[in-house]
Protein chains: 2
Amino acid sequence: MKYENIKDTMNALREFQFKQAAIRHAMGVLEYDGETVAPKDSADGRARTMGYLSELSYKMTTDPELFELVYSLDGRKDELDTEEKRMVEIIKKDCDLMTKIPMEEYVQFSELCSKAGNVWKEAKNTSDFALFAPYLEKIVEFDKKLAAYINPEMKPYNALLDMYEDGLTMDTLDAFFGKLRTGIVPLIEAISKKPQLDDSFTKTNFPIPAQREMSLEVMKTMGLNMDRIILGEVEHPFTTGFNLCDERITTHFHEDDMLSNLFSVLHEGGHAIYDMGSKPEYDYTVLCGGYAMSIHESQSRFYENIIGRSKAFAGPLLEICRKYFPLQFEGVTAEMFWKAANKAQPSLIRTEADELTYSLHVMVRYEIEKMLIGGTLQVKDVPETWNRLYKEYLGVDVPDDRQGCLQDSHWSGGSLGYFPSYALGSAYGAQFLSIMEKDVPDMWEKVAGGDLSPVTGWLHDKIHVYGSLYKPGELMDQICGGFDPQYYIDYLTKKYTELYEL
Amino acid sequence: MKYENIKDTMNALREFQFKQAAIRHAMGVLEYDGETVAPKDSADGRARTMGYLSELSYKMTTDPELFELVYSLDGRKDELDTEEKRMVEIIKKDCDLMTKIPMEEYVQFSELCSKAGNVWKEAKNTSDFALFAPYLEKIVEFDKKLAAYINPEMKPYNALLDMYEDGLTMDTLDAFFGKLRTGIVPLIEAISKKPQLDDSFTKTNFPIPAQREMSLEVMKTMGLNMDRIILGEVEHPFTTGFNLCDERITTHFHEDDMLSNLFSVLHEGGHAIYDMGSKPEYDYTVLCGGYAMSIHESQSRFYENIIGRSKAFAGPLLEICRKYFPLQFEGVTAEMFWKAANKAQPSLIRTEADELTYSLHVMVRYEIEKMLIGGTLQVKDVPETWNRLYKEYLGVDVPDDRQGCLQDSHWSGGSLGYFPSYALGSAYGAQFLSIMEKDVPDMWEKVAGGDLSPVTGWLHDKIHVYGSLYKPGELMDQICGGFDPQYYIDYLTKKYTELYEL
């Protein structure tokens with residue numbers, strides 16, 4: 001035994017986490033730079049360097065010495081504190097996975113996904129599902145095998161779900177989506193019979209330099225530490241962070257649609273606040289930043305929708321917008337602004353969907369993944385099923401696969417079982433709100449005054465500060481006494497009933 | 001022997017070069033990002049990650065397997081082509097150095113320089129040389145030891161010079177600087193008796209967004225491939241490149257001084273054209289990009305001064321400026337613009353010096369380094385000597401060490417012997433020009449028409465394309481039949497005689 005002392009062993013594990021964080025930092029900056037400023041022709045060179053760094057990282061995660069370290073610590077769990085135990089648990093989950101999957105299959109799969117990503121792009125551009133189908137077939141086959149490697153006792157799709165969200169099962173999701181559908185579909189139908197909300201005044205002309213300044217003020221209002229975060233411009237907005245003092249959010253400015261950037265900044269800013277809120281001593285460890293995508297989405301959507309699109313915050317938000325666009329917002333009231341921000345309309349593209357219909361987009365993907373992994377749907381029949389479900393849930397006709405089953409990149413990356421997190425996040429957020437309203441009775445008053453500190457403070461103390469210490473289920477139990485999607489349905493019903501005077 | 005076949009051995013060496021290039025790429029992007037956009041508080045985290053990547057790179061360069069590879073190839077040189085031979089030679093130079101310096105001394109020195117850099121910054125800010133002196137003493141001591149390790153047969157300062165510029169000696173430099181001084185000092189005196197040139201119209205108000213657009217047009221005019229390069233904004237401009245398709249130049253915009261950015265872009269653009277001009281097959285090898293700083297400076301100063309500040313190019317350059325600042329340049333003629341760009345005035349700061357007096361700044365540093373390493377000057381006496389030489393060569397009184405011997409970072413980084421390259425570069429450029437004028441008789445006509453392609457074409461074919469294949473001395477022999485500083489003196493005399501009507 002190389003490390004006699006448990007303290008030395010933990011230090012060695014911390015050292016491994018630091019090295020992993022350093023490589024991730026380098027790759028993250030390369031990617032951020034690539035998306036924001038790098039020269040047009042730099043992609044190939046960047047891919048080569050990223051490939052080499054991935055190889056370094058992979059070698060580290062498959063180093064027998066690491067395995068020895070982790071399993072020896074796992075065997076002495078009783079001597080570790082809660083945080084150390086959790087570090088070991090998280091790293092061990094990855095080690096277990098590496099142990100269970102034969103190396104050559106893992107490498108083959110990585111190569112397959114890399115190729116599939118390129119093919120998917122072309123298939124999407126040309127709206128040609130047949131081009132992508134053979135790759136998706138192989139990916140589904142691998143994911144089935146993967147599920148069996150992870151846990152042969154579990155139903156395959158449950159094993160995949162569990163990989164992204166510990167303990168999540170089809171039973172939970174069927175109940176969740178079932179309730180959602182029952183709750184949301186009638187709302188959508190009722191709205192379709194009402195006059196549509198007016199958002200035309202948000203679609204005039206909004207010069208980008210002023211939108212940029214406005215976005216920074218929104219970030220400040222959210223409570224982000226502006227010495228530790230920057231706002232970049234990209235095609236498809238995302239958030240990335242390298243350590244607690246270096247976070248990046250991105251946005252895309254549309255001159256003729258000012259809400260797009262505004263809510264993008266609130267959304268990505270929500271991810272950033274979560275990332276940057278971990279206990280300082282978690283920096284450079286696996287405990288830093290959010291663990292599960294569902295909780296991450298619960299935070300980003302909290303700022304984007306629950307606060308950002310609330311009636312209370314419409315006033316302060318309009319005042320910020322008016323400061324940068326006084327002419328464009330002449331005569332606009334907070335009520336008008338609130339309504340414009342909440343226009344609901346079933347549409348084709350998930351990433352552009354409104355708060356009400358968003359979960360139905362996710363539901364379509366969930367149903368299809370479940371059938372693909374369960375063996376009741378063949379890849380070739382995906383487009384037909386997709387289009388049928390969109391008609392059924394959202395009432396829209398899908399004109400082509402580009403705007404249909406080829407719109408998202410996730411499947412080409414091999415990630416089946418990941419989509420449900422998005423919908424769960426929204427539902428978690430509504431349930432958090434119900435507790436927050438009890439804990440901070442004057443929260444909406446403060447929000448209406450433009451003060452988000454009670455909101456951010458509550459989220460910080462209950463969620464952000466813990467980083468990855470707790471699993472999503474544990475967090476939900478601690479904060480809300482368990483997950484209950486009814487809060488989400490009630491939240492949506494109340495909000496849209498008022499908005500559309502149903 | 002691990003690699004029987006010489007082709008496999010060379011391939012292994014190429015693989016090593018690729019890995020080094022990938023690490024350099026990652027570190028380069030981290031640095032560029034840090035200087036241009038990163039959040040204010042991100043420096044510590046970046047330093048940690050850079051430290052880890054340096055460690056990886058250092059491990060690679062000191063890997064016994066690399067040494068075996070390099071020395072085995074060096075023993076079979078006859079079987080290699082010219083380019084392979086040069087690769088081996090360049091890498092072997094580093095390996096030799098690593099072999100000659102005891103590891104623990106190397107590590108101590110790295111740590112010393114890292115500390116010295118921080119102390120130098122503070123000393124500069126507070127203009128307190130005594131704070132920095134103990135570090136400079138240790139650095140001088142180490143550099144003396146280093147010189148003895150490199151080549152105990154050589155005079156110590158010669159050994160250091162040779163490290164930065166193969167074959168460069170004090171004899172060459174004494175003759176070079178002697179001639180320069182004799183040629184330039186009388187010119188400066190003559191100018192001081194003449195009325196000063198007027199540059200006031202370049203110091204009105206020039207909004208930065210328009211300067212930014214103008215800079216991109218200048219870059220295009222230089223012939224830079226705009227799909228492979230970007231322009232960033234920083235405090236102190238620099239150039240960095242990661243591969244042939246990803247180059248970055250930087251600038252600093254002053255609203256009240258438009259020439260500063262303009263010539264900064266021409267200077268850094270010159271570095272970039274050189275970097276990006278290597279044969280494509282050199283990419284990811286040590287042959288890619290310029291080898292010695294003297295040749296690099298010869299290119300940057302060629303675009304900045306020889307072309308950028310030429311009478312012929314004043315017309316086209318003014319037209320570009322006028323396009324973005326029509327009001328500011330109303331009534332300005334090409335002649336006026338040319339004169340404004342060439343105002344010569346002895347000053348205190350090297351990096352802000354004009355073309356005429358620049359070399360004298362370098363000469364002061366050369367004299368001091370020579371004495372420090374030669375043991376005829378003690379560190380404590382550096383400020384006094386510095387101030388005396390500035391008075392003697394440039395006729396200026398140094399008010400404090402911040403604007404005197406503490407102005408440059410080089411010594412704190414351990415680099416004694418590096419400064420002379422800057423002055424050599426300018427002189428090389430003037431000699432290149434004499435040949436270019438013969439090879440391309442209508443070059444000035446073309447330049448006056450705004451067409452730099454004959455200039456860039458000549459530099460590309462004679463210099464850029466070879467990357468690091470030739471040493472500076474070899475290049476000078478091939479192109480000019482040997483180095484002769486008289487061309488530089490003649491160039492300056494002719495130019496300033498005309499400018500100031502001497």
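Which helix of chain B holds B:S298? Keep that residue in mind; the tour ends there.

**Before you start**

This is a predicted model, where local features need pLDDT of at least 70, side-chain atom pairs count only at pLDDT 80 or more, and totals for chains, interfaces and linings use all residues. Residues are numbered from 1 along each chain as its sequence is written, chains are lettered from A and ligands numbered from 1 in the order in which they are written, and side-chain values use heavy atoms, with hydrogens and water left out.

**Stop 1: the two chains**

Show chain A and chain B together. Rotating by 180 degrees, with 0.0 Å of shift along the axis, superposes chain B on chain A at an RMSD of 0.1 Å. That is how a two-fold axis relates two copies. The fit is by least squares on the C-alpha atoms of residues with pLDDT of at least 70 in both copies. Now select B:A26. Its C-alpha lies 2.9 Å from the rotation axis, the closest approach of any residue of chain B. The same surface serves both copies, since 100% of the contact residues of chain B recur in chain A. Contact here means heavy atoms within 4.5 Å.

**Stop 2: the interface**

Select the contact residues: 34 from chain B and 34 from chain A. Together the chains bury about 2900 Å², with 64% of it on carbon and sulfur atoms. Buried area is the accessible area (1.4 Å probe) that two parts lose on being put together, summed over both.

Six salt bridges are counted between chain B and chain A. Each is a side-chain nitrogen of Lys or Arg within 4 Å of a carboxyl oxygen of Asp or Glu. For one of them, pick A:D41 and B:R228, whose side chains meet at 3.3 Å, N to O.

Color chain B by element. Those giving two or more residues to the side that touches chain A are α1 (6-36), α2 (43-61), β1 (229-233) and β3 (246-251). α1(B) gives the most, with ten residues. Helices (H or I, at least four residues) and strands (E, at least two) are DSSP runs, numbered from the N terminus. By class, this side of chain B has 18 nonpolar, five polar and eleven charged residues. Ala, Val, Leu, Ile, Met, Phe, Trp, Tyr, Cys and Pro count as nonpolar, Asp, Glu, Lys and Arg as charged, and the others, Gly among them, as polar.

**Stop 3: B:Y291**

Go to the loop between α10 (258-276) and α11 (293-307) of chain B; B:Y291 is there. This tyrosine is partly exposed, at 25% relative accessibility. Buried means under 20% relative accessible area, exposed over 50%, partly exposed in between (1.4 Å probe, protein chains only). Beyond its neighbours within four places in sequence, B:Y291 contacts several residues, including B:R86, B:Y274 and B:P472. Show the side chain of B:D166 too: a polar contact of 3.2 Å joins it to that of B:Y291. Such a contact is a pair of N or O atoms within 3.5 Å; within protein, one must be able to donate a hydrogen and the other to accept it, and residues adjacent in sequence count only if both atoms are side-chain atoms.

**Stop 4: B:S298**

Move into helix α11 of chain B, where B:S298 is found. At 1% relative accessibility, B:S298 is buried. A polar atom of its side chain lies 2.6 Å from the backbone oxygen of B:I295. Leaving out residues up to four places away in sequence, B:S298 touches B:G425, B:Y428, B:G429 and B:F432.
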